[in-house]
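Please look over the sequence and the fold before reading on. The report below describes a set of paired strands and then a packing of helices.

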Amino acid sequence: MAAAGYSDNYFGTIIKIIKHILREAHYAGLCDELRGIEHRDFVTINKPSDNIYLTLDELKRIYEVELTLQAVQALHPAISELHVQKRVRTLELVRERFIIGAFTGLRVSDFGRLNDAYIGTDVIRIKTRKTGADVVIPMHPYIRAIIDRGFDASIHVPDARMNALIKEVARIAGIDDEVVVTRNAGGRDVPHTFRKYELVCTHTARRSFATNAYKAGVPTIAIMKITGHTQESTFLRYIK
């Protein structure tokens, strides 16, 4: 299987699913015994992944960059002017959602629900979907400006599409430094070189929030309250 290029974490996920299915089958009376499920070699592998974050300066460039017809046309010379105009509008929406994530630390499922949150002058109050926790987040000027422009959180952008389009926004913003990240394939850690915009995704926003807040001296427990991490050791592996 190593030759197939699968990562260790891929096999870890498969093992985790198998264990879950076996336990559910046992609880449902479909499986009498769970012998072997806790064998020392049948473990869920979870190696820390090598991901990026964006600095405050890079986030500022994304927030301020003009997403012009010319810039988008340069990336997609074959599409019509009408489709370029539509793409610009979508890129602007994606940029706003990403910036909200980068300055709130909320998951995609949460920062897309701002319509249901309390939006005050200085704070945002929202109950997170995954943990059910009530969190209070300071209002960043970028978010205040986006909300005041009429941001509509109900407009849904599929995750896969947002992941693709935020790369375009980052590219137009000039987030193109060369970075080397390690990817595990076939049981080996292999270094790969990318342009930074190629690695930007929706989760980069949340990781950037946590990392920038930590570097700014915000107490770890306060950041963890927002991100939902329950163990400091896990949080410290999460930030960059």
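Strand 2 (residues 123-127) has one covered face, formed by I124 and I126, and one uncovered face, formed by V123, R125 and K127. In a regular strand the side chains alternate between the two faces of the sheet. Strands here are DSSP runs of E with at least two residues and helices are runs of H or I with at least four, both numbered from the N terminus. The model is predicted, with pLDDT of at least 70 needed for local features and 80 or more for side-chain atom pairs, while totals for chains, interfaces and linings use all residues. Residues are numbered from 1 along each chain as its sequence is written, and side-chain values use heavy atoms, leaving out hydrogens and water.

Strand 2 has two pairings to consider, where strands pair if DSSP finds at least two bridges between them.

| Pairing | Sense | Bridges | Residues in the hairpin connection |
|---|---|---|---|
| Strand 1 (residues 118-119) with strand 2 | antiparallel | 2 bridges | 3 residues |
| Strand 2 with strand 3 (residues 134-138) | antiparallel | 5 bridges | 6 residues |

On the covered face, I124 is the bridge partner of I119, and I126 stands opposite V135 in strand 3. In the turn between strand 2 and strand 3, G132 has a positive phi of about 75°.

Elsewhere, helix 4 (residues 81-102) packs against helix 6 (residues 141-148) at an angle of about 145°, with the axes 9 Å apart; these axes are lines fitted to C-alpha atoms over the stretch in contact, and angles run from 0 to 180 degrees between N-to-C directions. E96, I99 and I100 of helix 4 meet Y142, I143 and I146 of helix 6, contact meaning heavy atoms within 4.5 Å.

Definitions and conventions:
Buried means under 20% relative accessible area, exposed over 50%, partly exposed in between (1.4 Å probe, protein chains only).
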